There are 2 protein chains.
Amino acid sequence: MSAPASLATLGENGLLRLLTARWKPDPRKVPVGVGDDCAVLRGEGKNRFLLFKTDAVVEGVHFRPREKPELIGRKALARALSDLAAMGAAPLAAVITLGVAKHESVRRLKGIYAGLEKIAKKYGVNLVGGETTRAKELFLNVALIGECRGYAPVLRSGAKAGDLIAVTGQLGGTQSGKHLRFAPRLAEGEWLARKKIATAMMDLSDGLGADLPRLAKASGASFQIEAKAIPRSPNASLHAAINDGEDYELLFTVPPSRAEKLKKEWPFATPVHFIGVMGRRGARSGFPTGTYGFDHFKQH
Amino acid sequence: MSAPASLATLGENGLLRLLTARWKPDPRKVPVGVGDDCAVLRGEGKNRFLLFKTDAVVEGVHFRPREKPELIGRKALARALSDLAAMGAAPLAAVITLGVAKHESVRRLKGIYAGLEKIAKKYGVNLVGGETTRAKELFLNVALIGECRGYAPVLRSGAKAGDLIAVTGQLGGTQSGKHLRFAPRLAEGEWLARKKIATAMMDLSDGLGADLPRLAKASGASFQIEAKAIPRSPNASLHAAINDGEDYELLFTVPPSRAEKLKKEWPFATPVHFIGVMGRRGARSGFPTGTYGFDHFKQH
């Protein structure tokens, strides 16, 4: 008799796979369902796509109770924006659900929403709807619609053996508050998608060590990373650069034939580093040190 | 010195108004933002609209901890579907956020998702994405996209003095478990919108006594209700029919010139009752008994 699965053994991703295993959306309307950074819905006309994402931040899990309210609102939207960036989409509109304890301070809530509004304005997100509900602890759920007009979103599944592996920015260092202040790489992601430079892309939310294997698996490929090529945040160890969650940088793959174009034409201040190469399916994948990323359910 | 606002004095709707007061979405892209049952985004082409909604159910607030899991999942999606119905839209796709305590039973979660899948299938909703997060208490957030193709959604704000006030189904009686098993009036709502019969519409979630004044306010009109015309659920008192929340029936207004067409052509088994008439702005509005609907934050 097998023991029933528990959350701790499944982990967040295992649980999600289990719960959504039977979801089979209509492929004429939904080219991409569960399993990528966002769902993709077919828009009207050729090369028009709507992207759809939901994500929540919960007090005590994604932010500390005494965190600055503006940064809580900022983070809630920035996380979802990072998922749009990961597919190369531009944001269109968001709706917000606020779960709030009965004796919550209205001043704090106003601060949270001020942070939300500020980042929405910065990245051109229309805040179009909201709900509030009572809850024991504060949570903020963001649902976000984005769009690709005239080009296709970049999936996790498009990497081929031989493609170079690249990341934006620097990895590791969530202890320094980066997880509250990161810039979602929307312009960078859109550029990589529009120019058809990235063959596969995702954002780094659980750490390179957990996320790259997901991209490789979705693509049916393996990977090799060169330790010293990984760009580290100031004071981040190699271990931290691989294992810290919440980098919110882009991880993407580039065919060698387009790497030169990327280097020459990349128009952003954000650095890009090549850190490895994709291999054929079944080959041994390698990190310079064996470990895993951040998972809210697992005990480390 | 005025005391700072508290949640109890604001109520859910007051809080939402306060938090979203500065949201000004781009009117070229977003004809309707906060304040109606769903947000409305302009689609590609004439008379194409996307509707966007977010809504959460929280353990202990929207369902009892020991409730049948299938009914929890069912309710989470049905509530959001009811909001689409309230504008006459057809559902397209949903994404789900699950907040879950560390020691939650996986079997229970599977039951919740089975309920979700069953109602999604029944009403043609593509389940396209999900996230899970740790939380102290179970919550399930549904974000939903719907569409109106070839006709305009019905807003709360379109009622005119002289329009008849109508409701589907029967009101009151949430104690009998109706709040878990109600049928969102999607076909009825779409018919009323497509045929241009309803001038204003919303769903009854907080009770007629709380919701009708909102429709009247949005329309800049008053209302008069005839007590004995209100259709009551079996065993529901008049007080319950006016004040019980979670009816999830449609409340809508119909110009007298279209009432005959409605009576003759209504193709559904769901009953429709005329319960009153809209008056001019500033006139005294009247319920047969003065009271208010359900608000999670207020103490009654």
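In what order do the five strands of the open sheet in chain A run? Hi everyone, let's start there. The order is 7-9-6-10-8, and the pairing is antiparallel. Strands pair here if DSSP finds at least two bridges between them. The strands themselves (E, at least two residues) and the helices (H or I, at least four) are DSSP runs, numbered from the N terminus. At the edges of this sheet stand strand 7 (200–203) and strand 8 (222–225) of chain A, each with a single partner strand, so one side of each has no neighbour in the sheet. From one strand to the next, the twist averages 30 degrees. For angles, axes are lines fitted to C-alpha atoms, for helices over the stretch in contact, and angles run from 0 to 180 degrees between N-to-C directions.

A quick word on the model. It is predicted, so local features need pLDDT of at least 70 and side-chain atom pairs count only at pLDDT 80 or more, while totals for chains, interfaces and linings use all residues. Residues are numbered from 1 along each chain as its sequence is written, and chains are lettered from A and ligands numbered from 1 in the order in which they are written.

Back to that sheet. Strand 6 (residues 164–168) and strand 10 (residues 272–279) of chain A pair in the antiparallel sense over five bridges, and there A:Ala166 has A:Phe274 as its bridge partner. Helix 5 (residues 186–194) of chain A lies across strands 6, 7 and 9 of chain A, at about 20 degrees to strand 9.

Now please look at chain B. Here an open sheet of five strands has the order 1-2-5-3-4, with mixed pairing. Strand 1 and strand 4 of chain B are the edge strands, each pairing on one side only. Strand 3 and strand 4 of chain B pair in the parallel sense over eight bridges, and B:Val100 stands opposite B:Arg134 in strand 4.

So where do the chains meet? The contact takes 64 residues from chain B and 64 residues from chain A, with two residues in contact if their C-beta atoms, placed from the backbone, lie within 7 Å. On the side of chain B that touches chain A, strand 4 of chain B gives the most, with nine residues. Coming from the partner, helix 1 (residues 7–20) of chain A lies across strand 3 and strand 4 of chain B, at about 165 degrees to strand 4. Of the interface residues of chain B, 100% are also interface residues in chain A, so the copies meet through the same surface.

How are the copies related? A rotation of 180 degrees with 0.0 Å of shift along its axis superposes chain B on chain A, at RMSD 0.0 Å; the fit is by least squares on the C-alpha atoms of residues with pLDDT of at least 70 in both. The two copies are thus related as by a two-fold rotation axis.

Last, two helices of chain B. Helix 2 is mostly covered, with 15 of its 17 residues buried, meaning that 20 or more other C-beta atoms, placed from the backbone, lie within 10 Å of a residue's own (exposed is 12 or fewer, partly exposed in between). In helix 3 of chain B, the buried residues include B:Leu109, B:Ile112 and B:Tyr113. Among what covers the buried residues of helix 3 of chain B is helix 1 of chain A. Just after helix 3, B:Gly124 takes a positive phi of about 70 degrees. Thanks for listening!
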